[in-house]
Amino acid sequence: MSHAKYSVINTPVHNIDGIAKVTGRATYTFDVTLPGMLHGKILRSPHPHAKIINIDATRAMELSGVKIVVTGKDTLGIKQGIWRRYEELCDEQVLPLEKVRYIGEPVAAVAAITEEIAEAALDLIDVEYEVLPAVYEPLEAIKKEAPTIHEGVERNVNVTRHIEWGDVDEAFEEADYIREDWFKCSGQAHMCMETRAAVSSFTPEGKLTCWASTQSAYYTQGLLAGVLGLREGDVRVLAPYVGGGFGGKFELDAAMFCSAVMSMKLHKPVKVIFTREEDFIASKRRTPMFYYVRTGMKKDGTFCARESRMFSNGGAYTGMGATALYLSGFFHSFPYKWRGYRYDGYRVYTNTLPSTSMRGFGAPQAMFCSEQQIDWMCADLGLDPFEVRRKNGHTEGYEVPGQAFIASCGLEQCINEIEKWVKAKGKMPPNRGIGISSCGFMSGGIFNWFDSPYSFSSAVVTINVDGTVELHVGCQDIGQGSNTTMAIIAAETLGVKMEDIKVHSGDTTHCPADLGAWGSRQTLMAGNAVKMACEDAKKQLLEFAYAEMGINIVYDLDIKDRWVHIVARPERGLDYFELVKKVLRAKDGQRVVGRGYYTPHRKGMISPAYSYMMQAVDAEIDPETGRIKIHEVMTAHDCGQPINPLGLIGQLEGAASMALGYAYLEDMPFEDGKLMNPNLVDYKVIKAPEMPPTGIIEIDTYEPEGPYGAKEAGEGLTNPTAAALGNAVYNALGIQMKELPITPERILKALREKKEQEAQK
Amino acid sequence: MEKHILRLKVNGDEYEVYIHPKTLLAEVIRDHLGLTGTKRGCDTVSCGACTVNVEGKSVKSCSVLAIQCEGLEVTTVEGLEVNGKLSQIQRAFLDNGSYQCGFCTPGMLMSSTAFLSELEGKKPSEEEIRESIEGNVCRCTGYNSIVRAIDAVAQGKYKEE
């Protein structure tokens with residue numbers, strides 16, 4: 001369907017923060033300096049599991065310039081977590097009182113007049129530990145004899161999640177072919193360019209202001225207030241420009257907590273910035289997952305049943321990992337119709353860096369297993385992988401039993417487009433293959449484990465006498481461009497131009513509460529709130545215009561490009577700016593204020609809407625060295641109505657680079673609980689020379705629940721890539737990659753094994 | 001080691017700072033001069049967020065001592081714009097959406113600026129463009145929009161009439 005009626009939506013615009021970002025004016029928490037500000041540093045545990053016997057800061061306090069040293073004893077000792085509705089999942093004291101559970105866990109913090117003095121003071125804090133036995137892998141930690149990481153948690157099982165629909169056993173009986181595989185999916189560092197950063201300033205009035213590099217100013221406010229014993233309203237969180245998030249920045253972190261604790265004691269501003277090494281070893285990661293997948297299919301490719309068990313390496317604490325456990329199991333069924341589906345997920349504590357959400361939220365791991373196994377089954381049965389995906393794929397109006405309703409779905413068109421693209425490429429030369437993978441993703445979560453009493457998203461729009469518009473939103477721009485998206489939706493709804501809109505966000509005092517940037521929720525949820533607020537304001541303008549124009553009440557009025565007019569006779573109307581001036585006079589000088597909010601209701605268990613996509617990766621592998629060269633990535637993508645076309649391309653390309661990194665470069669190897677590559681020399685991310693060309697084919701759909709038909713874009717695109725690369729390697733060399741990342745070593749090993757097997761035959 | 005008076009020219013202005021000899025150029029730019037456009041993202045000279053131009057050449061300012069720049073001309077991202085008029089590469093970044101979170105952007109712009117000026121009008125290959133920003137990590141964009149922006153400037157699309 002064509003949406004040419006829009007004046008701002010889907011037209012190329014510059015991001016509203018573009019000039020600030022290309023001129024160096026954009027200031028991040030990293031750049032914040034306040035008068036009299038002190039610098040904080042964090043002392044971290046060298047042990048993966050140890051009791052804290054004693055901490056003696058005497059020598060550190062004697063160092064000139066040191067103002068304070070704090071340990072767990074200087075805090076309220078509250079165990080916190082972002083799943084704050086569930087007490088048992090609030091398991092993390094940011095400065096622990098009794099024991100440490102991973103290498104890098106904070107044990108004390110120092111504030112001094114310079115960063116150098118604070119750093120030097122860390123060496124003067126004497127900590128006495130009693131080292132405890134530790135365990136690092138979930139399949140070890142779940143054993144009876146494994147050490148206990150959290151008292152009272154049996155077998156170290158932190159959370160479990162069971163998802164089931166249909167008669168799974170009966171559906172398996174109908175299958176002609178059943179296949180079982182084990183997969184191992186690695187962790188991944190968020191590696192935000194701006195490391196964890198916070199500046200806290202507590203003043204004698206009893207109020208705390210915290211500048212934080214966060215994905216949700218509101219979550220940070222709630223969590224800080226909780227651990228500090230303050231009222232939420234007495235904590236103001238400012239999230240200025242944020243240097244990336246990717247799912248790693250909405251929990252309470254040690255920069256926020258330690259700076260706030262020290263500032264409360266000293267009544268002085270304190271800044272804490274993580275070094276890159278600290279960011280690697282102590283700021284959580286994508287959840288490593290072991291997947292057992294059993295799938296049953298009929299000879300003709302009809303899917304019957306799937307049964308999967310997943311054990312995730314939860315690391316030392318819960319964080320957002322509980323959500324990743326749930327979503328991984330749900331998206332593991334995507335985007336297909338199963339007669340019977342059963343998932344049992346176990347999140348297991350270990351003595352390693354806690355794992356949490358990261359772009360894709362458990363789905364990249366789930367798709368790596370699912371989408372490769374489907375291709376292998378197709379090969380085993382001699383079926384066409386496009387046809388099998390089309391046959392079993394979600395369609396509009398489908399209900400995932402008891403879980404979700406699919407209102408809009410462009411999956412079939414995505415498959416058709418990628419099939420055309422792959423077939424046009426023709427036969428591949430030796431050692432080169434194209435792999436495909438399809439998937440879908442959520443447009444915001446329906447869960448409220450944070451127990452927010454506020455609407456999920458809210459917006460307030462104020463129209464000044466000169467027609468300029470102040471838009472206050474709580475959604476958080478972390479670089480994905482949400483402020484621009486909200487400005488586009490506001491300009492479209494009010495019928496004004498982009499330059500008329502000023503967006504205010506990232507300030508809990510002046511902006512309404514909003515759950516923030518996670519689970520691809522902002523375009524749909526905050527977008528709906530903005531649309532509603534602008535419709536409210538516009539209604540007030542149009543009511544006056546009806547009276548002013550003296551027209552027949554059967555006529556509809558609208559505003560477009562600053563022209564207030566009769567819809568049926570667009571030439572009859574009046575100037576928007578003139579109208580606003582008159583309305584203010586009529587309202588006794590009050591500015592026009594519109595309010596909007598959004599909380600999903602009756603939209604299933606997971607999300608109000610789902611995006612769909614299929615991706616193809618064209619890769620060449622050198623069989624001598626195992627080295628991979630990615631020639632091209634092509635994606636067909638259904639995100640409903642695109643709002644910001646330039647931003648959408650940026651999201652696709654960015655997702656591809658992060659997901660390719662996950663697929664074949666990025667890894668977090670631990671030895672005895674110690675991360676072996678906590679720096680950007682040894683931790684390999686994609687750089688410009690490796691980045692392949694990426695293309696996008698937009699599939700036109702309309703999502704009834706989304707603002708102007710829009711849904712998720714950008715996070716879901718992280719999901720298909722590792723599987724598509726795995727399938728490309730399979731098609732090129734005939735080897736099955738069951739472990740991430742797909743490194744040269746693993747490719748060579750699989751080639752050797754294949755050779756041995758062939759020799760045995 | 002004793003502190004030392006350093007004179008250097010940053011974005012056309014002469015500055016005098018009193019520093020310890022081990023002070024990095026990045027520290028002088030950010031902490032002494034308050035030019036926070038230049039970022040820092042690692043401790044291992046790996047990310048390029050701190051890239052500036054010294055005598056027109058691209059330099060990671062965390063990898064050189066400030067005293068090595070005595071008397072030299074340093075340009076930071078703040079120096080690309082003249083009285084509100086953006087440089088060609090800045091405008092190309094805007095048109096191509098070559099930034100997202102923006103934290104790597106100042107370093108990317110400075111690597112690109114040095115590369116483009118060294119071309120002296122020669123048209124670079126895509127491979128050469130990609131190599132020119134090899135030392136700069138961007139976690140958001142996937143680089144392709146940055147490559148398009150550099151290419152557009154190299155092709156003369158942003159030349160003043």
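Here are some notes on this predicted model, going from the domains of chain A to its contact with chain B and then to a sheet in chain B.

1. Start with how chain A is cut up. The assignment gives domain 1 (18-25 + 456-598), domain 2 (32-132 + 192-245 + 249-282) and domain 3 (285-446 + 604-760). Each of these is written as more than one segment, so keep the full ranges at hand when you make selections.

2. Next, domains 1 and 3 of chain A. Their C-alpha centres sit 38 Å apart. Where the two meet, domain 1 of chain A puts in 17 residues and domain 3 of chain A puts in 23 residues.

3. On the domain 1 side of that boundary, look at α13 (482-494) and α14 (522-549) of chain A, each of which supplies at least two residues. The largest share, six residues, belongs to α14(A). Sorted by class, this side of domain 1 of chain A has nine polar, five nonpolar and three charged residues.

4. Now for the contact between the chains. Chain A brings 45 residues to it and chain B brings 41 residues. In chain A, the elements giving two or more residues are α1 (18-22), α8 (276-282) and α16 (645-665). Of these, α16(A) has the largest share of the chain A side, with eight residues.

5. What is the mix of nonpolar, polar and charged residues on the side of chain A that touches chain B? That side divides into 20 nonpolar, 18 polar and seven charged.

6. Over in chain B there's an open sheet of five strands with mixed pairing, in the order β2-β1-β5-β3-β4. Its edges are β2 (13-19) and β4 (57-60) of chain B, each paired on one side only. On average, neighbouring strands here are turned by 40° against each other, ignoring direction.

7. Inside that sheet, have a look at β3 (residues 51-54) and β5 (residues 73-75) of chain B. These strands run antiparallel and are joined by two bridges. B:Val54 stands opposite B:Val74, which belongs to β5(B).

8. Two helices to check against the sheet in chain B. Helix α1 (residues 25-32) of chain B packs on it and touches β1 (4-10), β2 and β3 of chain B; the helix direction makes about 105° with that of β2(B). Helix α3 (residues 105-119) of chain B also packs on the sheet, touching β3 and β4 of chain B, and its direction makes about 35° with that of β3(B). Strand β3 of chain B is thus touched by α1(B) and by α3(B).

Key: Residues numbered from 1 in each chain as written. Chains lettered and ligands numbered in written order. Predicted model: local features only at pLDDT ≥ 70, side-chain atom pairs only at ≥ 80, totals over all residues. Contact = placed C-beta atoms within 7 Å. Helix = DSSP H or I, 4+ residues; strand = E, 2+ residues; numbered from the N terminus. Nonpolar A, V, L, I, M, F, W, Y, C, P; charged D, E, K, R; others polar. Pairing = 2+ DSSP bridges. Axes fitted to C-alpha atoms, helices over the stretch in contact; angles between N-to-C directions. Domains from an automatic or database assignment.
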